[in-house]
Amino acid sequence: MAVLLLAEVTDGALAVDATAKAVTAATALGDVTVLCAGASAKAAADEAAKIDGVAKVLCAEDAALSHRLAEPTADLIVSLAGDYSHIVAPGTTDAKNIMPRVAALLDVMVISEVTGIVDADTYQRPIYAGNAIQTVKSGDATKVMTIRTAGFDAAGMGGSASVETIGAATDPALSEWVEDKVAESDRPELTSAGVVVSGGRGVGSEEDFALIEKLADKLGAAVGASRAAVDSGYAPNDWQVGQTGKVVAPDLYVAVGISGAIQHLAGMKDSKIIVAINKDEEAPIFQVADFGLVADLFEAVPELTEKL
Amino acid sequence: MKVIVPVKRVIDYNVKVRVKTDGTGVDLANVKMSMNPFDEIAVEEAIRLREAGKVEEVVAVSIGVKQAQETLRTALAMGADRAILVVAADDVHTDIEPLAVAKILAAIVKDENPDLVICGKQAIDNDMNATGQMLSALLGWSQATFASEVNLEGDSAVVTREVDGGLQTIKVKTPTIISVDLRLNEPRYATLPNIMKAKKKPLEEKTAADYGVDVAPRLTVVSTSEPEARQAGIIVGSVDELIEKLKEAGAV
């Protein structure tokens with residue numbers, strides 16, 4: 001069986017971690033062909049060719065594919081779909097935008113956020129904010145799915161697949177890109193970081209969020225936030241961890257001033273070690289934390305940062 | 001301009017779900033159900049557009065069991081003008097898949113001829129995040145997903161989207177499908193007088209067969225299980241003890 005995998009490409013650069021994790025999942029299904037699409041995608045295609053397990057890379061460079069708007073990108077994938085039994089992508093916002101459109105155009109269901117592959121037709125995925133795991137068997141001719149990357153290890157970078165240049169499909173010209181507002185960040189990317197330090201409502205203000213950032217920098221960690229912290233303006237929305245934000249599974253997750261609502265736990269409860277610092281000993285976060293410290297974060301966090 | 005807003009009846013977001021011990025699904029008997037939180041945001045946005053004079057009519061649509069009419073009454077109480085209920089399941093445990101929902105919605109769109117469909121970005125029960133995109137594909141329309149800001153300008157919509165690295169603004173041709181994210185707006189509460197008035201608003205009842213759509217699932221649910229439980233943790237007494245434990249565990 002053959003698998004077409006949509007690589008995560010942003011501004012011409014390959015998101016190696018997300019793509020390599022999806023490759024790990026896809027190699028369980030068959031020979032993997034990676035598709036790199038964008039206004040510029042050559043460098044990304046060369047990089048994708050190095051991922052272990054990739055048999056071939058298709059590089060589609062076209063102005064119409066710039067910023068990977070859903071309509072032209074979905075049309076491109078559909079034009080290639082005939083040769084593949086599975087069409088797969090890492091579960092990023094790009095893929096969540098494009099893949100259901102691809103599935104509907106092929107008249108098949110999409111299988112979102114796959115966490116486990118049982119066999120070529122059978123998959124596991126979380127439902128109800130991760131409070132249940134559903135095993136589903138697809139009867140569709142083509143399986144279209146997104147992979148929850150937090151559940152898979154990244155494939156190595158020792159490969160040397162061939163790169164083939166292909167054209168874009170026709171541009172339906174239904175939408176156009178206007179602008180990006182990219183959050184500046186020197187820290188590790190949230191979904192691939194080994195350590196994540198997150199702040200919640202308890203942090204109290206945007207200024208005090210610096211406490212969280214200092215601890216994160218000390219640990220070489222990415223910074224996350226709860227919905228309450230984002231809604232209150234303490235942190236930008238792309239830091240949100242949870243059912244509607246990002247799903248992370250780092251080696252160490254430190255939750256500071258976060259009560260632990262169902263929707264937040266959905267995004268982090270597969271972390272290897274969870275530390276909670278909260279002054280409310282009844283907070284639900286302590287039920288999932290490996291190590292809990294009942295303390296005022298304004299005293300505990302600076303002390304922790306200093307002593308590490 | 002006419003707007004269609006699909007709304008879904010789901011388990012209330014505050015309820016801790018229970019997986020049935022026989023592995024057949026999540027227990028929804030005697031559990032509080034509500035409108036999917038993202039759909040409330042979609043209804044609110046449609047009503048705000050009408051209040052701003054950009055939209056004349058807001059039609060709420062729900063697909064599922066008969067009881068989904070409660071969800072439609074809530075949308076009507078918030079300000080929707082009329083509602084369409086498509087009965088497609090006998091049992092609350094039957095979740096109609098996004099592909100079938102999108103096909104029914106596409107048929108309704110062809111009947112109603114709206115300029116805009118505003119839906120939630122995902123339902124908090126199946127967490128699929130697919131119906132809006134699928135509907136857009138079936139209609140051959142443009143799509144603007146995960147919207148945090150919507151501006152209608154003539155025959156196009158300028159939509160700011162919440163994407164992984166930050167925010168992205170795109171301009172889409174209408175008719176279009178917009179799926180809404182959490183930060184688009186703060187949904188209003190229905191007031192008691194409006195809840196009473198909503199009981200008199202028109203609610204048309206249909207079936208999936210009326211639209212010629214087969215709602216048979218493409219994905220057979222083999223089993224539903226509890227996620228792996230985490231080992232009970234410990235409460236430490238001080239920062240020093242926390243650091244010591246983390247060092248023992250090899251985490252720092």
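What follows is a chat between a visitor and a guide about a predicted model.

Visitor: Let's begin with salt bridges. How many does the structure hold over all chains?
Guide: Keep in mind that the model is predicted. A salt bridge here needs a side-chain nitrogen of Lys or Arg within 4 Å of a carboxyl oxygen of Asp or Glu. Over all chains, the total comes to 37.

Visitor: Which residue does A:D17 meet in a salt bridge?
Guide: Look in helix α1 of chain A, residues 16–27. A:D17 and its partner are four residues apart there, so about one helical turn separates them. The N-to-O distance is 3.0 Å, and the partner is A:K21.

Visitor: Is A:K21 buried or exposed?
Guide: For contrast, take A:D17, which is partly exposed with a relative accessible area of 27%. The relative accessible area of A:K21 is 12%. Buried means under 20%, so A:K21 counts as buried.

Visitor: How many residues apart are A:R187 and A:D217?
Guide: These two form a salt bridge, with 2.7 Å between the closest N and O atoms. A:R187 sits in the loop between β13 and β14 (195–199) of chain A, while A:D217 belongs to helix α5 (residues 209–219) of chain A. The pair therefore links distant parts of the chain, and the separation is 30 residues.

Visitor: What is the relative accessible area of A:D217?
Guide: Its partner A:R187 is partly exposed at 23%. A:D217 is partly exposed too, and its relative accessible area is 45%.

Visitor: Which residue of chain B forms a salt bridge with A:D290?
Guide: A:D290 is in the loop between β17 and β18 of chain A, and the pair crosses over to the loop between β12 and β13 of chain B. A:D290 is buried, at 17% relative accessible area, whereas the partner is partly exposed at 24%. The closest N and O atoms are 2.8 Å apart, and the partner is B:R230.

Visitor: Which residues are linked with A:D107 in a network of salt bridges?
Guide: The network takes in residues of chain A and chain B. From chain A there is A:D140 alongside A:D107. From chain B come B:K103 and B:R218.

Visitor: On to the sheets. Which strands are the edge strands of the open sheet with the order β8(A)-β9(A)-β10(A)-β12(B)?
Guide: That sheet has four strands, and the pairing is antiparallel. An edge strand pairs on one side only. Here the edge strands are β8 (116–119) of chain A and β12 (219–225) of chain B.

Visitor: By how many degrees are neighbouring strands of this sheet turned against each other on average?
Guide: The strands in question run in the order β8(A)-β9(A)-β10(A)-β12(B). With direction ignored, the average turn between neighbours is 30°.

Visitor: Which residue in β10(A) is the bridge partner of A:I127?
Guide: Strand β9 of chain A covers residues 122–127, and strand β10 of chain A covers residues 132–138. They pair in the antiparallel sense over six bridges. The bridge partner of A:I127 is A:A132.

Visitor: Which residue of chain B stands opposite A:F291?
Guide: Strand β18 of chain A (residues 291–294) runs parallel to strand β17 of chain A (residues 273–278), and four bridges join them. In that pairing, A:N278 stands opposite A:V294. Three bridges also join β18(A) to strand β13 of chain B (residues 234–236), again parallel. Opposite A:F291 you'll find B:I234.

Visitor: Is A:S226 buried or exposed?
Guide: A:S226 lies in the loop between β15 (222–225) and α6 (227–231) of chain A. Beyond residues up to four places away in sequence, A:S226 touches A:G199, A:G200, A:R201, A:Q240, A:I258 and A:H264. The relative accessibility is 7%, so A:S226 counts as buried.

Visitor: And A:V182, is that one buried or exposed?
Guide: A:V182 is in strand β13 of chain A, residues 175–182. From A:A18, A:V182 is 164 residues away in sequence and 18 Å away in space, C-alpha to C-alpha. The relative accessible area is 53%; the cut-off is over 50%, so A:V182 is exposed.

Visitor: Last one: which residues form a nonpolar patch on the surface with B:L192?
Guide: B:L192 lies in helix α5 of chain B, residues 192–198. Because the relative accessibility is 61%, B:L192 counts as exposed. The patch has about 290 Å² of accessible area together, and the other members are B:I195 and B:M196.

Technical notes. Residues are numbered from 1 along each chain as its sequence is written. Chains are lettered from A and ligands numbered from 1 in the order in which they are written. This is a predicted model: local features need pLDDT of at least 70, side-chain atom pairs count only at pLDDT 80 or more; totals for chains, interfaces and linings use all residues. Side-chain values use heavy atoms; hydrogens and water are left out. Patches are made of residues with over 30% relative accessible area and no salt bridge: like charges are joined within 9 Å, nonpolar side chains (Val, Leu, Ile, Met, Phe, Trp, Tyr) within 5 Å. Accessible areas come from the Shrake-Rupley method with a 1.4 Å probe; for residues, only the protein chains shown count as cover. Helices (H or I, at least four residues) and strands (E, at least two) are DSSP runs, numbered from the N terminus. Buried means under 20% relative accessible area, exposed over 50%, partly exposed in between (1.4 Å probe, protein chains only). Two strands pair if DSSP finds at least two bridges between them. Axes are lines fitted to C-alpha atoms, for helices over the stretch in contact, and angles run from 0 to 180 degrees between N-to-C directions. Contact means heavy atoms within 4.5 Å.
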